[in-house]
Structure formats: structure tokens, C-alpha cells
Amino acid sequence: MRNVAKKQSEPKAAASTPRPYRIEDQIGYLLRRAHQRASSIFQTSIGDPNITPTQYSSMVKLHEYTELSQNLLGRLVGMDKATMQGVVRRLKDRGLVDSRPDPGDARRTLLSLTLDGQRSVAKLMMNGPAVSRETLKPLTPAEQRQLLELLSKIV
């Protein structure tokens, strides 16, 4: 009969020390830096240096739906009430958006693009895909799709 010694486990390597905390490795930091890059590309490429990304997304949704309550527009573009009010005020001041009371609910304001707003958003939307292409340029097509899918899961 053979004496089979119990196999001893290999000595454990020294516990690897955890990587030190680096802000550059944190999701919030990386998302903020990616947002800064995307915003910079937007400002230089969209075609109107006075339009912000939040104003642009609001105008695109108004173009898509023709008329929306301010509350619904805010939900569709992911803005809180105070931010939405500021965006709408600036667009109205530029003559790009018009508002009227909702005939069915006096508490609601309905928003629509003015003729100037319609012309402006039509020109800006032609540059929108180029902004996205430039922002995603460092990634392969597969990585671009993956990034967009993953970000969609987060939001």
C-alpha cells in the first residue's frame, strides 16, 4: 500500500497590497472628464457657440414633438425643474422658443420652437452626428457601440 501524502497547498503569496486610491480611476472622475471632452467638442463643432448641450437637446426634442409642456420636456431631456426653467428662459430670450399657457391646465406652460428656432435646430442637427463621431473617435466601432450600450444601462 502506498503512503500518499496529503498534498500541501502552495504557500500563499504575500497578500497583494491593494492599489492606492486614485481619483483618476474612479467612475465619477472619468465620466466628468469624458463630459468635459464631449462638451468641448460640442461647442467647437455644433455650429453655434451660443448654444449649450442642454439647450440643443431641448430644441431637438421640441423639434421632434412640436409642442411639449415644460415639465415633460424637462423629463425627456433629463433636467430638473430649475435647470429647465433657465434653459427655456435663455432660449426664449434668443427668440428660439415660444411659450403659451396650456388651455387645458393653466398651471402648465406649453413650449414650441419659433420659426427662427426651427431654422436653427435644423442646421444644428446636421452637425450633431459629427459631434458624436469626434467624441467617440478614439474608440473602435465595437467599443463605441459597447460604450453607448453600457452608458444607456447606467442612465
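**Exercise 1. The strand pair**

Asp98 stands opposite Ser112 in strand 3. The model is predicted. Find out how strand 2 and strand 3 are joined: which way do they run, and how many bridges join them?

*Solution.*
- Step 1. Locate the two elements. Strand 2 covers residues 97-102, and strand 3 covers residues 105-113.
- Step 2. Take a second pair. Arg100 has Leu110 in strand 3 as its bridge partner.
- Step 3. Read the direction. The two strands run antiparallel, with 6 bridges joining them.
- Step 4. Look at the connection. Strand 2 and strand 3 form a hairpin, and 2 residues lie between them.

**Exercise 2. The sheet**

State in what order the 3 strands stand in the open sheet. Then say which strands stand at the edges.

*Solution.*
- Step 1. Write the order. The strands form an open sheet in the order 1-3-2, with antiparallel pairing.
- Step 2. Find the edges. Strand 1 (67-69) and strand 2 each have a single partner strand, so one side of each has no neighbour in the sheet.
- Step 3. Add the turn. Ignoring direction, neighbouring strands of this sheet are turned by 30° against each other on average.
- Step 4. Add the helix. Helix 3 packs on the sheet and touches strand 1 and strand 3. The direction of helix 3 makes about 95° with that of strand 1.

**Exercise 3. Two helices in contact**

Describe how helix 3 and helix 4 pack: at what angle, and how far apart are their axes?

*Solution.*
- Step 1. Locate the helices. Helix 3 spans residues 70-77, and helix 4 spans residues 81-93.
- Step 2. Read the geometry. The angle is about 110°, and the axes are 10 Å apart.
- Step 3. Classify the angle. Angles of 65 to 115 degrees count as roughly perpendicular, so helix 3 is roughly perpendicular to helix 4.
- Step 4. List the residues that meet. Helix 3 brings Gln70, Leu73, Gly74 and Val77. Helix 4 brings Met84, Gln85 and Val88.
- Step 5. Sort them. The contact has 4 nonpolar residues, 3 polar and no charged.

**Exercise 4. Salt bridges**

The whole structure holds 9 salt bridges. For Arg108 and Asp102, which meet in one of them, decide which class each residue falls in: buried, partly exposed or exposed. Then treat two further pairs.

*Solution.*
- Step 1. Start with the distance. Arg108 and Asp102 meet at 2.7 Å, N to O.
- Step 2. Apply the cut-offs. Buried means under 20% relative accessible area, exposed means over 50%, and partly exposed lies in between.
- Step 3. Classify the pair. Arg108 has 39% relative accessibility, so Arg108 is partly exposed. Asp102 has 10%, so Asp102 is buried.
- Step 4. Take Glu134 and Lys137. Their side chains meet at 3.8 Å, N to O. Glu134 is partly exposed at 33%, and Lys137 is exposed at 57%.
- Step 5. Look for a network. Salt bridges with shared partners join Arg19, Arg22 and Asp25 into one network.
- Step 6. Zoom in on that network. Asp25 and Arg19 meet in a salt bridge of 2.9 Å, N to O. Asp25 is partly exposed at 35%, while Arg19 is exposed at 62%.

**Exercise 5. A phi value to explain**

Say what sign the phi of Thr66 has, and where Thr66 is placed.

*Solution.*
- Step 1. Recall the background. Most residues other than glycine have a negative phi.
- Step 2. Read the value. Phi of Thr66 is near 75°, a positive value in a residue other than glycine.
- Step 3. Place the residue. Thr66 is in the loop between helix 2 (53-65) and strand 1.
- Step 4. Check accessibility. Thr66 counts as exposed, at 57% relative accessibility.

**Exercise 6. Two residues of helix 5**

For Ser120 and Leu136, decide whether each is buried or exposed. Then list which residues each touches, leaving out neighbours up to four places away in sequence.

*Solution.*
- Step 1. Place Ser120. Ser120 is in helix 5 (residues 115-136).
- Step 2. Classify Ser120. With 16% relative accessibility, Ser120 is buried.
- Step 3. Find the contacts of Ser120. Beyond its neighbours within four places in sequence, Ser120 is in contact with Met59 and Leu96.
- Step 4. Turn to Leu136. Leu136 also lies in helix 5, and at 14% Leu136 counts as buried.
- Step 5. Find the contacts of Leu136. Leaving out residues up to four places away in sequence, Leu136 touches Gln144, Leu147 and Leu148.
- Step 6. Compare sequence and space. Leu136 and Ala38 are 98 residues apart in sequence. Their C-alpha atoms are 8.8 Å apart in space.

Notes:
Residues are numbered from 1 along each chain as its sequence is written. This is a predicted model: local features need pLDDT of at least 70, side-chain atom pairs count only at pLDDT 80 or more; totals for chains, interfaces and linings use all residues. Side-chain values use heavy atoms; hydrogens and water are left out. Two strands pair if DSSP finds at least two bridges between them. Helices (H or I, at least four residues) and strands (E, at least two) are DSSP runs, numbered from the N terminus. Axes are lines fitted to C-alpha atoms, for helices over the stretch in contact, and angles run from 0 to 180 degrees between N-to-C directions. Angles under 35 degrees count as roughly parallel, over 145 as roughly antiparallel, 65 to 115 as roughly perpendicular and the rest as oblique. Contact means heavy atoms within 4.5 Å. Ala, Val, Leu, Ile, Met, Phe, Trp, Tyr, Cys and Pro count as nonpolar, Asp, Glu, Lys and Arg as charged, and the others, Gly among them, as polar. A salt bridge is a side-chain nitrogen of Lys or Arg within 4 Å of a carboxyl oxygen of Asp or Glu. Buried means under 20% relative accessible area, exposed over 50%, partly exposed in between (1.4 Å probe, protein chains only).
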